[in-house]
Amino acid sequence: MRVFVTGATGFIGSAIVRELIDAGHQVVGLARSDKSAASLTAAGAAVHRGALDDLDSLRSGAAASDGVIHTAFIHDFSDFAAAAQTDRRAIETLGEALAGSDRPFVITSGTALLRPGRLGTEEDALDPGAPTAARNGSEDAALSFAGCGVRASVVRLPPSVHDTGDHGFVPMLISMAREKGISAYVGDGSNRWAAVHRLDAAHLFRLAVEAAPAGATLHGVGDAGVPVRDIADVIGRQLKLPVTAISREEADGHFGWLAPIVALDSPASSALTQKQLGWHPVQAALIADLEEGHYFNG
């Protein structure tokens, strides 16, 4: 299969590229820069020049493929609504290019968009009150193509996708701890983040593009719910810093824009995904990965 991958040089996308190539697929990666193009070539993938907001490049890349995996997203939390709008336009463009072809189209969403305080499942609708709810429309846009001759599916990833090279929320917490001299959590720290190793996530994306039925919603979840205090404890131990509770009233001042995410209670299950596609996480869990120490080098 010739698979067009957006975000192909990113933290998750690069692992998907390797997973696809190792399984015998051809990969064409979207590249915005010469550096990205060189990285794709080195990985054994073909290069398609363009960008997430270059709709013509997306359209032509999808049209020439046997299927699409969309992982690119502009992680600009200062204007998240605009980033979400760009994502939705990209999804609409890619889907339209595949309409009527029965080709697969896999997009990326998040379990943190589900209603908090309960174990989220693949059957749950997204929460309009989620901190990042501006992205909710991406799922609707993608799944709408399931009725238009596209084998469209959604992979929801948890707040933490971990491995060497992670630049997401956990490294942000580590940087804050170094800067402020404490490893903090909100309240009693019992709120939970789901998590997955990026190699397990990459495997799920491959299974999805190969076999997920039209309209499927999948959860790429390894750890169903890691208490945020446990994450803070490892950070404090690794950095030799005190681990401190922060009240909800103090959270904004300490964590800034990240406060609602640090306080989020967002456990999630992947039981239905595992049953449907035979996907089973086998890599290190989040706490074990943190304990290995590579997050704290440099």
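In which hand, right or left, does α3 pass α4? In this predicted model, the crossing of α3 past α4 is right-handed, and the description below starts from that pair of helices before turning to the sheet.

Two packed helices are described by the angle between their axes and the distance between the axes. For helix α3, which spans residues 55–63, and helix α4, which spans residues 80–98, the axes come within 8 Å and cross at roughly 35 degrees. On the α3 side the contact is made by Leu55, Leu58, Arg59, Ala62 and Ala63, which meet Arg89, Ala90, Thr93, Leu94, Ala97 and Leu98 of α4. Sorted by character, the residues of this contact comprise eight nonpolar, one polar and two charged.

Beside α4, the sheet gives α3 another set of contacts, and the sheet itself should be set out before they are described. Seven strands make up an open sheet with parallel pairing, in the order β3-β2-β1-β4-β5-β6-β10. The edge positions are taken by β3 (46–49) and β10 (216–219), each of which has a single partner strand, so that one side of each is left without a neighbour in the sheet. On average, and with direction ignored, neighbouring strands of this sheet are turned by 25 degrees against each other.

Strands of a sheet pair through backbone hydrogen bonds, either parallel or antiparallel. One of the pairs here joins strand β1 (residues 2–6) to strand β2 (residues 26–31) in the parallel sense over four bridges, and within this pair Val3 stands opposite Val27 in β2. Helix α3 packs on the sheet, where it touches β1, β2, β3 and β4 (67–70), and the direction of α3 makes about 155 degrees with that of β1. Helix α5 (residues 136–143) also packs on the sheet, touching β5, β6 and β10, and the direction of α5 makes about 155 degrees with that of β6.

Strand β6, at residues 151–157, is mostly covered, and seven of its seven residues are buried. In a regular strand the side chains alternate between the two faces of the sheet. In β6 both faces are covered: Arg151, Ser153, Val155 and Leu157 on one side are buried, as are Ala152, Val154 and Arg156 on the other. Strand β5 (residues 104–110) runs parallel to β6 and is joined to it by seven bridges, among which Val106 has Ser153 as its bridge partner in β6.

The loop between α4 and β5 holds Asp102, a residue other than glycine whose phi is nonetheless positive, near 60 degrees. Which category of accessibility, buried or exposed, applies to Asp102? Asp102 is exposed, because its relative accessible area is 60% and exposed means over 50%.

A further group of strands is centred, for this account, on β9. Strand β9 (residues 192–197) is mostly covered, with five of its six residues buried. With strand β7 (residues 160–162), β9 pairs in the parallel sense over three bridges, and Val161 has Val196 as its bridge partner in β9. With strand β11 (residues 223–227), by contrast, β9 runs antiparallel, and three bridges join the two; here Ala195 stands opposite Asp223 in β11.

Helix α8 (residues 228–239) contains Arg229, which is partly exposed, with a relative accessible area of 36%. Leaving aside its neighbours within four places in sequence, Arg229 is in contact with Tyr185, Asp188 and Gly189. From Val5, Arg229 is 224 residues apart in sequence and 36 Å apart in space, C-alpha to C-alpha. In the loop between α8 and β12 (243–246) lies Lys240, which has a positive phi of about 55 degrees although it is not a glycine. Lys240 is exposed, with a relative accessible area of 74%.

A second helix pair completes the picture. The axes of helix α6 (residues 169–180) and helix α9 (residues 248–255) come within 12 Å and cross at roughly 90 degrees, which makes α6 roughly perpendicular to α9. In this contact Leu173, Met176 and Lys180 of α6 meet Gly253, His254 and Phe255 of α9, and the residues divide into three nonpolar, two polar and one charged.

Definitions and conventions:
Residues are numbered from 1 along each chain as its sequence is written. This is a predicted model: local features need pLDDT of at least 70, side-chain atom pairs count only at pLDDT 80 or more; totals for chains, interfaces and linings use all residues. Side-chain values use heavy atoms; hydrogens and water are left out. Axes are lines fitted to C-alpha atoms, for helices over the stretch in contact, and angles run from 0 to 180 degrees between N-to-C directions. A crossing is left-handed if the near helix is turned anticlockwise from the far one by less than a right angle, and right-handed if clockwise. Contact means heavy atoms within 4.5 Å. Ala, Val, Leu, Ile, Met, Phe, Trp, Tyr, Cys and Pro count as nonpolar, Asp, Glu, Lys and Arg as charged, and the others, Gly among them, as polar. Angles under 35 degrees count as roughly parallel, over 145 as roughly antiparallel, 65 to 115 as roughly perpendicular and the rest as oblique. Buried means under 20% relative accessible area, exposed over 50%, partly exposed in between (1.4 Å probe, protein chains only). Two strands pair if DSSP finds at least two bridges between them.
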